[in-house]
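Here is a friendly walk through one protein model. Let's begin at its metal site and then move on to the core.

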Amino acid sequence: MSDWRLNGQEEYLSNITLYKVTFPEFWETAYRNKNTFYQKIARYAERFVAGTNRGTEHLEGDKIQHFWHEHCEFCWEKALTDKSCEFYCTEDMYYWICAECFHDFREKFNWQVKSAEELFR
Ligand SMILES: [Zn+2]
């Protein structure tokens, strides 16, 4: 039986390691440590503000977090830094998978799982 959520992801998401991320804690840690997740959002936010002539007050404190969101690679469920949710991401934090799709496709895709802390070692 085919699943509407499957659309060729086997080609780039098979046999890989995913990192379990829980929001909003993941963002709070990122903001505190200014880790690579924070830096990734900050770079995007700075470009966006510069490109749209918005005030730099949008970049103050943890406001940068609102420039980021991602969608589940399978069902398009939205991940937000300030929404309570569990997602799984690739090592480069490019692809995001919601908890439900992770559990449904884990065996099919042969995913290994590591904790979010492993992303920053
Ligand atoms: Zn999903």
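Around the zinc ion, the 4 donor atoms subtend angles of 104 to 114°, so the arrangement is tetrahedral (four donors with all angles between 85 and 135 degrees). For four tetrahedral donors, the ideal angle is 109.5 degrees. The protein donors (N, O and S atoms within 2.8 Å of the metal) are the SG atoms of Cys72, Cys75, Cys98 and Cys101, at 2.3 to 2.4 Å from the zinc ion. Along the chain, these donors follow the spacing C-x2-C-x22-C-x2-C. Cys72 and Cys98 link distant parts of the chain, 26 residues apart. Strands here are DSSP runs (E, at least two residues) and helices likewise (H or I, at least four), numbered from the N terminus.

This is a predicted model, in which local features need pLDDT of at least 70 and side-chain atom pairs count only at pLDDT 80 or more, while totals for chains, interfaces and linings use all residues. Residues are numbered from 1 along each chain as its sequence is written, and side-chain values use heavy atoms, leaving out hydrogens and water.

Both of these cysteines are tabulated below; buried means under 20% relative accessible area (1.4 Å probe, protein chains only).

| Residue | Location | Relative accessibility |
|---|---|---|
| Cys72 | loop between β2 (69-71) and β3 (78-80) | 0%, buried |
| Cys98 | strand β5 (residues 96-98) | 6%, buried |

Now to the core. The largest nonpolar core (buried Ala, Val, Leu, Ile, Met, Phe, Trp, Tyr and Cys joined through side-chain atoms within 4.5 Å) has 37 residues. Helix α3 gives the most to this core, with 6 residues. Ile97 is among those with the most contacts inside the core.

Technical notes:
Donors = N, O, S within 2.8 Å, 3.2 Å for Na, K, Ca; no water. Tetrahedral: all angles 85-135°; square planar, octahedral: opposite > 155°, others 65-115°. Buried < 20%, exposed > 50% of the residue type's maximum accessible area, 1.4 Å probe, protein only.
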